[in-house]
Number of protein chains: 2
Amino acid sequence: MSKIFVDACFGKETPYTPVWMMRQAGRYLPEYMKVRAEAGNFLNLCHNPKMACEVTLQPVDIIGVDAAILFSDILVIPDEMGMDLEFVAGEGPKFNDPIKTEADIDKLIGGEEAASKLTYVYDTIKLIKKELAEDKALIGFTGAPWTLATYMIEGEGTKTYNICKKMMYSNPELLHKILAKVTEVVKLYMQKQIEAGIDVVQIFDSWAAAIEPSKYDEFSWKYMVEIADYLKEKFPHIPIIMFPKGIPAFLDKVYGNFDVFGVDWSTPMALAKEKLGDRYVLQGNMEPCRLYSKEETTKCVEALQNIMQGKRHIFNLGHGILPDVSVENAKHFINECHRVSKKS
Amino acid sequence: MSKIFVDACFGKETPYTPVWMMRQAGRYLPEYMKVRAEAGNFLNLCHNPKMACEVTLQPVDIIGVDAAILFSDILVIPDEMGMDLEFVAGEGPKFNDPIKTEADIDKLIGGEEAASKLTYVYDTIKLIKKELAEDKALIGFTGAPWTLATYMIEGEGTKTYNICKKMMYSNPELLHKILAKVTEVVKLYMQKQIEAGIDVVQIFDSWAAAIEPSKYDEFSWKYMVEIADYLKEKFPHIPIIMFPKGIPAFLDKVYGNFDVFGVDWSTPMALAKEKLGDRYVLQGNMEPCRLYSKEETTKCVEALQNIMQGKRHIFNLGHGILPDVSVENAKHFINECHRVSKKS
């Protein structure tokens with residue numbers, strides 16, 4: 001059975017434009033909060049295939065999205081590379097021993113050994129695939145090497161990225177060594193996600209905007225392209241979505257062997273279409289806070305449909321859904337995307 | 001005596017391209033830290049004209065910048081509107097009673113009454129003008145109404161701006177009422193700064209990037225333009241610098257009666273020149289973290305000079321200088337700007 005979401009990723013005509021939401025398996029859903037409470041903490045939920053499968057499927061059943069996205073966290077990768085991830089309540093992720101030296105990098109578990117430790121992710125995927133309706137797609141994902149490296153170097157989330165940047169400008173070789181080691185793990189991690197059953201890959205470069213335009217290719221994009229090349233050679237039938245958050249100033253420079261470009265909400269869709277629409281299917285890009293108002297949601301969905309005309313497009317938010325959005329408004333978004341794009 | 005910085009703001013030819021740095025009176029300077037410690041806390045420093053004058057002048061003497069910028073904080077405005085600003089150590093600014101309703105807005109002190117309470121700012125300006133060398137300019141500043149409103153509504157700094165956004169999308173009239181009231185105070189505040197002696201105005205829209213492109217004019221830019229119009233009519237000889245951080249995606253839409261557009265580091269200077277260079281003098285835009293490396297600083301200064309060719313340009317960083325930059329490297333930046341742009 002063909003999956004409308006996979007077809008749309010390859011730019012094929014579909015009966016309507018499919019839609020999903022970043023963070024759709026999340027805190028705005030009471031059903032998610034229930035499982036999350038049972039798990040005790042966020043990391044337990046990532047580590048438990050049965051529970052992770054359950055929350056992955058919730059938005060498909062409750063909200064009616066066209067694709068499920070694996071429930072996990074981008075930081076399981078450095079965790080299994082030996083960095084000992086902790087989620088401190090109210091503070092977010094922490095690594096107590098951030099990377100400072102070449103010796104720190106050498107100590108990290110790399111390649112096949114690290115990728116093989118993520119069995120709970122592959123087990124989750126296998127469970128989901130048993131339960132997910134055949135016409136729905138399952139998206140697997142990873143953080144971009146740069147985005148992962150920011151946490152590995154800073155030890156936590158940061159506003160200024162000053163430790164990473166100091167390394168970028170004064171010791172770029174060290175930063176490249178980290179990025180190369182993470183890239184090797186990510187390649188094998190995504191290969192194993194595909195072998196376990198995911199239908200689509202999304203690479204999240206959540207902190208793309210932390211790098212100045214003239215350095216972005218060197219420190220982030222080229223590693224994402226390397227991962228895409230590796231996967232495309234082995235699995236040409238698996239679409240790849242690239243989502244760099246916050247690079248509207250240099251869309252002209254985007255290149256590489258992937259299928260879908262994820263447009264964040266800071267980038268006008270018309271600009272993305274002009275610069276990239278011929279080369280890539282575009283995903284996005286409603287400002288997630290529009291979900292606070294049904295009227296503003298409808299206006300935005302209609303404006304996006306008007307720009308994209310139901311061609312080479314996947315509806316999504318331009319960033320993750322926020323926890324205080326109502327389930328009713330989230331459903332309204334999905335319904336409106338289907339309504340405006342349905343071919344009669 | 002003509003001030004090179006003021007001439008440059010009006011696009012006149014100058015013997016070299018002037019330079020200053022956002023946050024140049026700041027924590028990277030040991031001399032600043034000393035005064036800051038004597039003041040006890042940040043707000044005391046803003047309230048004390050003698051100390052505020054001293055730290056304003058430090059970077060002129062120590063680093064050699066071409067303009068001083070008044071030492072103050074954008075949040076003194078809502079503070080004097082009656083919102084009771086607090087700086088909690090390690091957490092940043094706090095308003096304990098954020099604005100939620102129309103009644104909360106009506107309670108705020110507005111217009112002339114609020115602007116008249118900021119005497120310590122005007123006194124600081126008068127002191128600085130007595131001590132500042134005649135060929136150096138003094139920049140006064142304000143936060144944009146939108147940026148100020150984010151703190152007034154959220155009560156503190158925020159990552160998601162979800163309270164403001166909920167208001168923007170579900171109750172835009174209320175948000176406009178706040179913005180209009182703040183705009184009235186800002187107009188008179190800047191008028192009084194000019195009357196006290198500042199040579200140039202800069203309007204900081206630090207959180208411009210929090211608004212989606214299609215809503216930016218409505219909720220921020222048009223209020224900044226209103227302020228600029230008000231000031232230009234009264235004081236055409238005072239240049240106005242607009243600095244909206246993070247709007248590279250829609251530079252085409254920039255309009256209004258001001259002189260200099262401040263280019264943040266996420267916006268390639270060549271793009272800003274292409275879109276705005278004919279209409280505005282451009283200020284910026286080195287990534288502040290380049291200051292960690294003298295070599296990377298020089299490369300960037302040379303690249304900027306190469307693009308701007310010493311015409312209609314003011315050197316600056318693309319955001320504030322960080323506290324862990326060395327004084328030596330900051331001086332190197334200033335020297336390099338002068339070296340590459342000096343007309344022989």
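**Reading the two-chain contact and its helices**

Guide: This is a predicted model. In it, 100% of the interface residues of chain B are also interface residues in chain A, so the copies meet through the same surface.

Visitor: How many residues does the contact take from chain B and from chain A?

Guide: Chain B gives 25 residues and chain A gives 25 residues. On the side of chain B that touches chain A, helix 10 (residues 162-170) of chain B supplies the largest share, 5 residues. Sorted by class, that side of chain B has 12 nonpolar, 6 polar and 7 charged residues.

Visitor: What rotation superposes chain B on chain A?

Guide: A rotation of 180 degrees, with 0.0 Å of shift along its axis, places chain B on chain A with an RMSD of 0.0 Å. The two copies are thus related as by a two-fold rotation axis. Among the residues of chain B, B:Ala249 comes closest to that axis, its C-alpha lying at 2.9 Å.

Visitor: Which residues have the most contacts inside the largest nonpolar core?

Guide: They are A:Ile139, A:Ala149, A:Val200, B:Ile139 and B:Val200, in a core of 229 residues. Take A:Ile139 as an example: with neighbours within four places in sequence left aside, its contacts are A:Ala67, A:Ala68, A:Ile69, A:Leu70, A:Ile198, A:Val200 and A:Gln202.

Visitor: How should one read the two sides of a helix?

Guide: An α-helix has 3.6 residues a turn, so residues three or four places apart point the same way. The case here is helix 8 (residues 119-131) of chain A, whose 13 residues reach 19 Å from first C-alpha to last, close to the 18 Å expected at 1.5 Å a residue. Its buried residues are A:Val121, A:Tyr122, A:Thr124, A:Ile125 and A:Ile128. They cover an arc of only 155 degrees around the axis, which puts them on the same side of helix 8 of chain A.

Visitor: Which residues are exposed on the other side of helix 8 of chain A?

Guide: A:Lys126, A:Lys130 and A:Glu131 are exposed there. The buried residues of helix 8 of chain A, by contrast, are covered by elements of chain A including helix 4 (49-62), strand 1 (67-69), helix 5 (76-83), strand 4 (137-143) and helix 11 (172-196).

Visitor: What span should helix 11 of chain B have at 1.5 Å a residue?

Guide: The 25 residues of helix 11 (residues 172-196) of chain B should span 36 Å, and the end C-alpha atoms are 36 Å apart, which agrees. Just after this helix, B:Gly197 takes a positive phi of about 130 degrees.

How values were computed
Residues numbered from 1 in each chain as written. Chains lettered and ligands numbered in written order. Predicted model: local features only at pLDDT ≥ 70, side-chain atom pairs only at ≥ 80, totals over all residues. Contact = placed C-beta atoms within 7 Å. Helix = DSSP H or I, 4+ residues; strand = E, 2+ residues; numbered from the N terminus. Nonpolar A, V, L, I, M, F, W, Y, C, P; charged D, E, K, R; others polar. Least-squares fit on C-alpha atoms with pLDDT ≥ 70 in both. Core = buried A, V, L, I, M, F, W, Y, C linked by C-beta atoms within 7 Å. Buried ≥ 20, exposed ≤ 12 C-beta atoms within 10 Å, placed from the backbone. Expected span 1.5 Å × (residues − 1). Arc of directions from axis to C-beta.
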